[in-house]
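Grab a pen and open the viewer. Here are a few short exercises to work through, each with a solution.

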Amino acid sequence: MADSVNIRELVLDALLSVTKEGSYSHIVTKQILDKYRYLDKKDRAFFTRMTEGTLENLIRIDYIIDRFSKVPVRKMKPVVRCIIQSAVYQIHFMDAVPDSAACDEAVKLAKKRGFRNLSGFVNGVLRSISRGKDGIDWPDPEKDSEMWLSVHYSIPRWMIRMWKEQFEQAGIPPETFERMLEAFLSPAPITIRTNTNRVTPQELLRMLQEAGVDAVLCEELPYAIRISGYDHLQALPGFEEGLFYVQDLSSMLVAETAAPKEDEFVMDVCAAPGGKAVHMAQMMHGTGRVLARDLTQHKVDMLLDNMRRCRIADSNMQAQVWDAGILDETLVHKADLVVADLPCSGLGVMRRKKDIRFHMTPEKITELARLQQEILRVVCRYVKPGGRMIYSTCTISRQENEENISRFLREHPDFVLVSSRQILPEQGAGDGFYIAELLNRQEISENSVE
């Protein structure tokens, strides 16, 4: 059955869905792998590498194509463009695939998808690229460093410029900046968080290793385990039993910073799919209450699924549909801790969500920063006097992070910044995250308790 599936055609479908229809790459990839779950591990890995590799190197790939094609990439028909792009990825980044095979399969695919009349064009461009791949005229880093960085790391030029300015203002050295760009082209590490209420990290590590999974304890957090060499996450020992939760290392640090105490009332206002909320509920050892909310029933269903899988009692955690931008009058000044992990540009997770680099724009960042400000103005009112609020994003953007917090503090003098940190992605480590802890130092009075 698996033999009848053309893996390169699945890659083409995924690329078209992302680049033409604007779909999210990580969702498209998962949907296709779920649909063709019967594919063997090698074919699944080939599909994933080709799809993700093409998307994360797309700017570099398009630069190459434009050096050899008389028709610019932007003017090609979408199907033909995606066929050529994925073939160029094979030629330049997959040594195990002969150039001739990449070219021949691309031509066959063009014919199969109704572009027989352009198969000669596809063949000509790819043969030229194969012959000239060692003599490409790359941008000169001395004459135009932004262009060179953009092409070399396949990051939009506006993003390069924004980060260079931010890093220079913060006094961050250029080598740190380039390490971050390199990390965006490195494989995203998969980490899991041990449910220490039910199993020790050492016991879980042994279970995984006995099942043939490459698993090692993370130095950063004692309950985190980095895994690789597996096929389906759902098939791993302990997954269905809720012995662990798949979660990025940086995401785990949000709950670490929050450090909820037993018997506290915690609100997670944008909680889906639930990693941070479940983490905090487990840290409270079955005491207190975590109220996890999100905008739609679909997102709340994800919360409920993870609660059930992780064996979180309804008495300790509830999931509700609620728009974080609308004040719930019944909860004003009721929460010991509010976690506001808000919608953001996601620039810190580009190695997981490849499409962000060409779907995000400066205008969208401005819109998101405005939304974040609006939500913060609402949810801060839930924090009781002496309580805390954690603001976090999975992005690297001063406008959404440091500038938002500065503005919030100017508008809300009762709050004080306890700590903040911008986590940068590095190879083998967690994603890019921003975490700020704020304290409501408002004195308890009749007016502050409602």
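Before you start: two residues are in contact when they have heavy atoms within 4.5 Å. Keep in mind, too, that this is a predicted model.

**Exercise 1.** Work out whether Lys276 counts as buried or exposed, and list its contacts beyond neighbours within four places in sequence.

*Solution.* Start by finding Lys276 in helix 13, which covers residues 275–283. Next, take its relative accessibility, which is 12%. The cut-off for buried is under 20%, so Lys276 counts as buried. Finally, leave out neighbours within four places in sequence: Lys276 then touches Gln247, Ser251, Val254, Ala255, Asp268, Asp341 and Phe433.

**Exercise 2.** Trace the order of the strands in the seven-stranded sheet, and explain why strand 7 and strand 10 each have one side without a neighbour.

*Solution.* Walk across the open sheet and you get 7-6-5-8-9-11-10, with mixed pairing. Strand 7 (317–321) and strand 10 (415–423) sit at the edges with a single partner strand each, so one side of each has no neighbour in the sheet. On average, neighbouring strands here are turned by 15° against each other, direction ignored.

Now zoom in on one pair. Strand 5 (residues 265–268) and strand 8 (residues 335–341) run parallel and are joined by three bridges. Val266 has Leu337 in strand 8 as its bridge partner.

**Exercise 3.** Which strands does helix 12 lie across, and which does helix 16 lie across?

*Solution.* Take helix 12 (residues 249–258) to begin with: it lies across strands 8, 9, 10 and 11, running at about 10° to strand 11. Then turn to helix 16 (residues 362–379), which lies across strand 8 and strand 9, at about 160° to strand 9.

Notes. Residues are numbered from 1 along each chain as its sequence is written. This is a predicted model: local features need pLDDT of at least 70, side-chain atom pairs count only at pLDDT 80 or more; totals for chains, interfaces and linings use all residues. Side-chain values use heavy atoms; hydrogens and water are left out. Two strands pair if DSSP finds at least two bridges between them. Helices (H or I, at least four residues) and strands (E, at least two) are DSSP runs, numbered from the N terminus. Axes are lines fitted to C-alpha atoms, for helices over the stretch in contact, and angles run from 0 to 180 degrees between N-to-C directions. Buried means under 20% relative accessible area, exposed over 50%, partly exposed in between (1.4 Å probe, protein chains only).
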